[in-house]
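Grab a pencil and work through these exercises with the structure open beside you. Try each task yourself before reading its solution.

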Amino acid sequence: MRLRRLVPVLLAGLAALPASAQELTGTLKKIKDTGAITLGYRDSSVPFSYLDGDQKPVGYAMDICYKVVDAVKAHLKLDKLETKLNPVTSATRIPLIANGTVDLECGSTTNNVDRQKQVAFTNTHFLTASRFVAKKASNVTKFDDLKGKTVVSTSGTTNIRQINEYNTANKLGLTILPAKDHAEAFLMVETGRAVAFVMDDVLLASLAAGSKEPDAYVISKDAISKPEPYGIMLRKDDAPFKKVVDDATAAFYRSPEGKTTYDKWFTKPIPPRNINLNLPMDEALKKAFATPSDSPDPAMY
Amino acid sequence: MNYNWNWGIFFDMSPEGTGTYADMLLSGLVWTIVTALCAWVIAFAIGSVVGVMRTLPSRAAQAFGNGYVELFRNIPLLVQMFLWFFVLPEVLPRAWGDWLKQLPNAPFYTAVVCLGFFTASRVAEQVRAGIQALPRGQRMAGTALGLTTAQTYRYVLLPNAYRIILPPLTSEFLNNLKNTSVALTIGLLELTARARSMQEFSFQVFEAFTAATVLYIIINLVVVTAAGFLERRVAIPGAR
């Protein structure tokens, strides 16, 4: 509470500082002053942001972030802009964005209304819905087939919350196990501890494609959510920086390069094991690319 | 820091639809306490037996005790959790493995057993240390009185040894309590797991972990106070 009372004082203090020539504020000023921008990456969000065979962060969201870095560099008319990379996890991404360690979080973070109270998101780069993956041998293809069975989802995700709600609403009598991370949740299905793993469909596709027997798994036909947007995360209340990032991503999505980059990660073999996700761009995302938006509302897409 | 503090978040409804975020953390606290207590029962029972075995005259008993302690003390707890949860059902006969996997609350039972066996190795060391800290004359006096080995332990050695090791056993219990958080990796919804999911749902990271920290401190203080009380209660008059 006391901190909140301090904020106006701090702001007044900042305002009293002499304005720089271009009156840069916030992140843009920080980038100009330090000559560096820091990207946050995830270590296993295939294919958005993950470590390849050489332990170098790569991915679809990383490619987009590098485009943003170019745009920031051009905007600030810098000759040289150093790009620093900083690993983040689902637990550290908010503090690291808030305290200024990371300027852009390039991963697979769902953009929703609650989260927008804490951070800002740029234009949506992907849409995903909650489905489940199960072994073909267990003969389940719809959520109704799961009645009375044990399912797993990753703890602290929007998906586990959706399956909880769906379970209550439809009286399926599911036992819902929380797993620490995606790999472990998938392991639970692989070892038979759970029949199905409920998660964003794109992550399920990548886990199944990377498993020992990709053909042994099937992803459910129906989904329990509307497509939800993924966005690149940045600090809240930093309009000038957000505008640069929004403009850069919008231009990138509208250009043919946007589609090429998507295809590179979703329809072709990707490192490190040359798996192919086989997820061609769907109508909703095509629309989202034609008219870029940072709305957290699934109904908008 | 550009962070939106919101201490009122604990009274917001959690998305799981079963109550507020505060309820969610408290349910985690209950699991933490229940897991710690159940694990402690196993740890204390096995730890005492193994600790005594390490001080027995029998070579075989000593070897077994040493083997147990070295096995469970030297493998990291996290690895042990994974071995119990993921590997054990695969090496058992198929029917048993399947039964184990389909057990309701499997993470809870696994965590209790794993933590119990792990903490037992540490309790055993302290029981052994307590017995060996006693003057050798006590054991001899027991024998001279015509007591059997079992009787010597029951009436002479253990009542003294337990009193000596009560303070380090308290630390061990506190460790045990905090080690329950490792069970979040196998899906037990204890306090730390709840704090993690709260920050993930609400994005109020600092509030969630502050609350968890405060709760851990409170239960630890309760344990320390209770242990202090117990210590005074069982102290032999004039012993110190």
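**Exercise 1.** In this predicted model, find how far apart the end C-alpha atoms of residues 71-88 of chain B lie, and what share of the span is helix.

*Solution.* Start with the ends: their C-alpha atoms are 16 Å apart. Next, look at the secondary structure: the span is 89% helix, with 0% strand. Now do the same for residues 205-230 of chain B: here the end C-alpha atoms lie 38 Å apart, and the span is 100% helix and 0% strand. Finally, check the record: an unreviewed UniProt entry lists both stretches, along with residues 29-50 of chain B, under "transmembrane region".

**Exercise 2.** Work out how helix 1 and helix 10 of chain B are oriented to each other: parallel, antiparallel, perpendicular or oblique?

*Solution.* Step one is to locate them: helix 1 of chain B covers residues 21-53, and helix 10 of chain B covers residues 205-234. Step two is the geometry: their axes come within 11 Å and cross at roughly 40°. Step three is the verdict: angles under 35 degrees would count as roughly parallel, and 65 to 115 as roughly perpendicular, so helix 1 and helix 10 of chain B are oblique to each other. As for handedness, the crossing is right-handed.

Who does the touching? Helix 1 of chain B brings Leu25(B), Leu29(B) and Ile33(B), while helix 10 of chain B brings Ala211(B), Ala212(B), Leu215(B) and Ile219(B). Sort these by class and you get seven nonpolar residues, with no polar and no charged ones.

**Exercise 3.** Describe the side of chain B that touches chain A: which helix supplies the largest share?

*Solution.* First, count the contacts: 28 residues of chain B meet 33 residues of chain A. Then look for the helices that supply at least two residues each on the chain B side: these are helix 3 (77-91), helix 4 (94-102) and helix 9 (191-202). Helix 9 of chain B gives the largest share, seven residues. Last, sort that side of chain B by class: 13 nonpolar, nine polar and six charged residues.

**Exercise 4.** Find what UniProt says about residues 36-269 of chain A, and describe that stretch.

*Solution.* The unreviewed entry has the feature "domain: Solute-binding protein family 3/N-terminal" there. In the model, the stretch is 36% helix and 26% strand, with its end C-alpha atoms 32 Å apart.

**Exercise 5.** What confidence scores come with chain B and with the complex?

*Solution.* For chain B, the average pLDDT is 93, and 98% of the residues score at least 70. For the complex, the predictor gives an ipTM of 0.70 and a pTM of 0.80. One thing to remember: where pLDDT is low, don't read the predicted coordinates in detail.

Conventions. Residues are numbered from 1 along each chain as its sequence is written. Chains are lettered from A and ligands numbered from 1 in the order in which they are written. This is a predicted model: local features need pLDDT of at least 70, side-chain atom pairs count only at pLDDT 80 or more; totals for chains, interfaces and linings use all residues. Two residues are in contact if their C-beta atoms, placed from the backbone, lie within 7 Å. Helices (H or I, at least four residues) and strands (E, at least two) are DSSP runs, numbered from the N terminus. Ala, Val, Leu, Ile, Met, Phe, Trp, Tyr, Cys and Pro count as nonpolar, Asp, Glu, Lys and Arg as charged, and the others, Gly among them, as polar. UniProt positions are given in the numbering used here, feature names are shortened, and annotations may be inferred rather than shown by experiment. pLDDT is the predictor's confidence in each residue, from 0 to 100. Axes are lines fitted to C-alpha atoms, for helices over the stretch in contact, and angles run from 0 to 180 degrees between N-to-C directions. Angles under 35 degrees count as roughly parallel, over 145 as roughly antiparallel, 65 to 115 as roughly perpendicular and the rest as oblique. A crossing is left-handed if the near helix is turned anticlockwise from the far one by less than a right angle, and right-handed if clockwise.
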